[in-house]
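Thanks for coming. I have one structure to go through today, so please bring it up on the screen.

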Amino acid sequence: MTHMHIAGSIHADAVQGGPQWLTVPDDLNELDLKLWPRGTHRDDLGRIVVAGVALTDTAEEHGTPVYLIDEDDFRSRARDFITAFPGWAIYYAGKALLTRRVARWAAEEGLNLDVTTMGEMRIALAGGMPAERLGLHGNNKSDAEIAFALEQGVGRIIVDSFDEINRLERACADGGHTANVLVRVTTGVEAHTHEYIATAHEDQKFGLSIMGGQALTALVRCHSSQYLQLRGIHSHIGSQIFETHGFEVAIRRTMKLASQFRTATGVELPELDLGGGFGIAYTAADTPSTTAELAASFEEMIDHECRAFGIGRPHLSIEPGRAICGPSGVAVYEVGTVKVVELEGGRSRTYISVDGGMSDNIRPALYAAEYSGALANRTSGADPVLCRVVGKHCEGGDILIRDVFLPSDVRIGDLIAVPGSGAYARSMANNYNQIPKPPVVSAKDGVTDVMLRRETLDDLMRLDVGK
Ligand SMILES: *Cc1c(COP(=O)(O)O)cnc(C)c1O
């Protein structure tokens, strides 16, 4: 455990420049274990060790920036869901982090897998995930993606619009297929998270509205189709959610919709998918519940609503992405410059520039995501200073860690490790400023193994075919 205290008067100036939740750690060298892959520690030389691998060795072997995924940590979080939700189907949301190896881990641990595009389907299948354990999502699946999914025998397709229902029926007719479908609905829940990652309020692109009546119409439409096997309702209320209240409202409204569907058709829907969005700890201020606590409250809410609506318990599924791969990943950067910027009131802020940034992790720039970080190659006895860790891109918003206390002696060549980097960082990577994307290596029992190699300038040059 890291012992934190609210900043006293000595630190008041420094903390004034940071967010309210940020406190000055008693010991900067101590790791806040809830942020890191299980088993992370510092060795005798003061180096951070993940999955038995010193991050200095990872940096030396693979260069920086580099994403390291702790295989055992990923697998253990997958197993946590399998164990805590017996009888449920757990769909790992592949968009969070997907490589062939990750798909294999997911398959081996008994997870199913959500995909959204041709690329994700191809990688998942290549990794050995059986097609019947795939769920195909997306609000604008192409004819090619739908045809491929049907040919492969993808287990279920989550439909998102009337246009798509028509498109899917045509594809089934053309190819002689039938498809298992769930209808994605919007429940009107305002999940307390960033607007761009809240997905169940009404005014956004995903799903069909329960309140507006389209959801019921779509269910009846799918039910009456000769090509579609209607399995049930799908609801995903957002991401990085800590409160179960939003899920409770979503369960109530989807169950009510299921009972209205039964009234309309005489048929009880066999399945209900409640989506993902379970929050993880990115900073000391985040306090996610355990998977077991989550499961207990879901079971209670489901029981309650089934009884309230006189509905038999449907076959249930959830779709965690971040909660499985997020904490398993650590990004490692090398410090290139340290600059102290004077602020008004005699205060200052230390800007630490590293060799990556918004091209490998756009989340802070995209939706003000917060992270923390630690000096990875050594310990330090220097005083804590409030730092901002920034990337090397041509944007003022190219920030990796907005506010973090690091030792005042951080210098060129030091390594900064950012925990919680397994989800939606490398998977959202881009080539802004023509920077090649960093590698992703898996680590287990002291050994690393590349799963996505570093992009090279040759890769970039090959794409540039114009003269
Ligand atoms: C993104 C997404 C998820 C996973 O969200 P996490 O926050 O990573 O758990 C699950 N279901 C759907 C439909 C999604 O779009």
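I will start with the ligand, go on to a pocket and the cavities, and end with two points about the backbone.

One thing to keep in mind throughout is that this is a predicted model.

So, the ligand. How many residues surround the ligand? There are 15, and the closest are Lys-95, Ser-239, Glu-319, Arg-322 and Tyr-424. If you sort that shell by class, you get seven polar, four charged and four nonpolar residues.

Now some individual contacts. Ser-239, which I just named among the closest residues, has a polar side-chain atom 2.6 Å from an oxygen atom of the ligand. His-236 also brings in its side chain: a polar atom there sits 3.4 Å from a ligand nitrogen atom. With Gly-321 the backbone takes part, as one of its polar backbone atoms is 3.0 Å from an oxygen atom of the ligand. As for cover, the ligand taken alone exposes 380 Å², and the protein buries 93% of that.

Next, the second largest pocket. Its space comes to about 450 Å³. The lining is made by 23 residues, and those nearest the centre are Arg-77, Pro-288, Ser-289, Thr-290 and Thr-291. Two helices each give two or more residues to this lining, α3, residues 71–84, and α10, residues 291–309. Which of the elements gives the largest share of the lining of this pocket? That is α3, with four residues. By class, the lining of this pocket has 13 nonpolar residues, five polar ones and five charged ones.

Where does this second largest pocket lie with respect to domain 1 and domain 2? The pocket lies between them, because both domains give residues to its lining. For the bounds, domain 1 is 33–69 plus 327–461, and domain 2 is 137–320.

On to the cavities. The count is three, taking those of 30 Å³ or more. I will cover two of them.

The largest cavity has a volume of about 360 Å³. It is lined by 28 residues, with Pro-25, Ser-372, Gly-373, Val-404 and Phe-405 nearest its centre. Strands β18, at 374–375, and β20, at 399–407, are the elements that give two or more residues to this lining. The largest share comes from β20, which supplies five residues. In the lining of the largest cavity, 17 residues are nonpolar, six are polar and five are charged.

The second largest cavity holds about 70 Å³ of space. Its lining can be read out whole: Ile-233, Thr-254, Met-255, Ala-258, Leu-269, Glu-271, Leu-272, Ile-311 and Pro-314. Helix α9, 245–265, and strand β14, 271–273, are the elements that give two or more of these residues. Of the elements, α9 gives the most, with three residues. This lining divides into seven nonpolar residues, one polar and one charged.

Last, the backbone. Most peptide bonds are trans, and most residues other than glycine have a negative phi. Here is a departure from each.

For the peptide bond, look at Thr-64 and Pro-65, which are joined by a cis bond with omega of about -10°. Pro-65 sits in the loop between α2, residues 55–62, and β6, residues 66–70.

For phi, which sign does Gln-434 have, positive or negative? Its phi is positive, near 55°, and this is a residue other than glycine. Gln-434 is also in a loop, the one between β21, residues 415–419, and β22, residues 440–444.

To go back to the pocket for a moment, the point to take from it is its place between domain 1 and domain 2. For the ligand, the figure to keep is the 93% of its exposed area that the protein buries.

Terms used:
Residues are numbered from 1 along each chain as its sequence is written. This is a predicted model: local features need pLDDT of at least 70, side-chain atom pairs count only at pLDDT 80 or more; totals for chains, interfaces and linings use all residues. Side-chain values use heavy atoms; hydrogens and water are left out. A residue is near a molecule or strand if one of its heavy atoms lies within 4 Å of it. A polar contact is a pair of N or O atoms within 3.5 Å; within protein, one must be able to donate a hydrogen and the other to accept it, and residues adjacent in sequence count only if both atoms are side-chain atoms. Accessible areas come from the Shrake-Rupley method with a 1.4 Å probe; for residues, only the protein chains shown count as cover. Ala, Val, Leu, Ile, Met, Phe, Trp, Tyr, Cys and Pro count as nonpolar, Asp, Glu, Lys and Arg as charged, and the others, Gly among them, as polar. On a 1 Å grid over the protein atoms alone, a cavity is a set of points where a 1.4 Å probe fits but cannot get out, and a pocket is an open set with protein on both sides within 12 Å along at least five of seven lines; lining residues have an atom within 4 Å of a point. Grid points are joined across faces, edges and corners, and a volume is the space filled by probe spheres set on the points. Domain bounds come from an automatic or database domain assignment.
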